[in-house]
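User: I am new to this structure and would like to understand the labels people put on its parts. Could you take me through the reasoning behind them?

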Amino acid sequence: MIRTVLVAVLLFAGAGKAEGVEAASVPQAPRAERAGLAIWTASFMDWGLLLVGPILGVGLNVALPVGVNVPLTETTDGVFELRPMLARTNCTNIHGDAVPRCGTLQALRATVGLAWTPWPGERGDGFFIQPKLSGMVTHQTVRGTEIPVTAEGTRMETGGQVSLGFDVGYRKTSRRSRSFLAPVIGVGVGYSWNQQRRRVDPGWLFARQPARGWKDKFIVDLNLDLLRFGATF
């Protein structure tokens, strides 16, 4: 009886060992590579104005957005962006005559968000939705025939804005270089303080300062950068 039990134990142990060896010998499917830290920039509209703005009479318009995606899970990234902006309009036209309004606008916008990619591909590629919270401060130095000025001859105004919104886009990464392109559009709704802006701002209006007075108002911002590009590390 004891001999029978020992034989049965040895047989089971041998079978288990064989199954373990067989399982270890089966190659495992390669796992999709998770995207690492991503650094990007996006300013399609601003760069277009930088090139053609002086020709169209809009003036100088410069923006240098820098964004970072930090992986949190397989489907979500934390997104952080800083966007310094400078817009300047000449105080004389091509004939040398004084213009109604001119001056310099400086602004800094900071954005935090969470990019969710419901069906992530390799390197984090795929369609994504990015809720975001933005804050901005502005400072203007203004002159012109329509602008009441101080004794120093210029008017200086400081303003701000807070808004909530979301972006949608699609990211595609190159296999060899790890660089990527991401078409993106978005919208935000918020409140601005002491700014010369219209209620709906497609972005490039910062270069034109179209409104005549500094007002507090609800505002809709359109994100028409259209394209992000950067690299993962």
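Analyst: Happy to help; below we go label by label through this predicted model.

User: How do you know where the prediction is confident and where it is not?

Analyst: Through pLDDT, which runs from 0 to 100. The protein chain has a mean of 79, with 70% of its residues at 70 or more. Confidence is highest in strand β3 (residues 66–71), at 95, and lowest in helix α1 (residues 2–25), at a mean of 49. Over residues 18–24 the value stays under 50, and there the model has 0 contacts beyond four places in sequence.

User: Why are β5 and β6 called paired strands?

Analyst: Pairing asks for at least two bridges between two strands. Strand β5 (residues 102–116) and strand β6 (residues 126–143) have 13 bridges in the antiparallel sense, so they pass that test. Within this pairing, Thr104 stands opposite Thr141 in β6.

User: What makes β6 and β7 a pair?

Analyst: The same cut-off of at least two bridges applies. Here 17 bridges join β6 to strand β7 (residues 155–173), and the two run antiparallel; therefore they count as paired. As an example, Leu133 has Leu164 in β7 as its bridge partner.

User: Why is the contact between Arg109 and Asp221 called a salt bridge?

Analyst: The rule wants a side-chain nitrogen of Lys or Arg within 4 Å of a carboxyl oxygen of Asp or Glu. For Arg109 and Asp221 the N to O distance is 3.7 Å, so the pair qualifies. The two residues lie 112 residues apart, Arg109 in strand β5 and Asp221 in strand β10 (residues 215–232). They also belong to a network of salt bridges with Arg197 and Asp201. By this rule the count comes to 7 salt bridges.

User: Why is Asp221 called buried?

Analyst: Buried means under 20% relative accessible area. Asp221 has 10%, so it counts as buried.

User: What makes Arg155 and Glu157 a salt bridge, and are they buried or partly exposed?

Analyst: Their N to O distance is 2.8 Å, which is within 4 Å, so this is a salt bridge. Glu157, at 16% relative accessibility, counts as buried. Arg155 has 23% and is therefore partly exposed, because that label covers values between 20% and 50%.

User: How do you know that Arg83 and Glu81 form a salt bridge?

Analyst: Their side chains meet at 2.9 Å, N to O, so they satisfy the limit of 4 Å. Arg83 and Glu81 are both buried.

Key: Residues numbered from 1 in each chain as written. Predicted model: local features only at pLDDT ≥ 70, side-chain atom pairs only at ≥ 80, totals over all residues. Heavy atoms only, no water. Helix = DSSP H or I, 4+ residues; strand = E, 2+ residues; numbered from the N terminus. pLDDT = per-residue confidence, 0-100. Contact = heavy atoms within 4.5 Å. Buried < 20%, exposed > 50% of the residue type's maximum accessible area, 1.4 Å probe, protein only.
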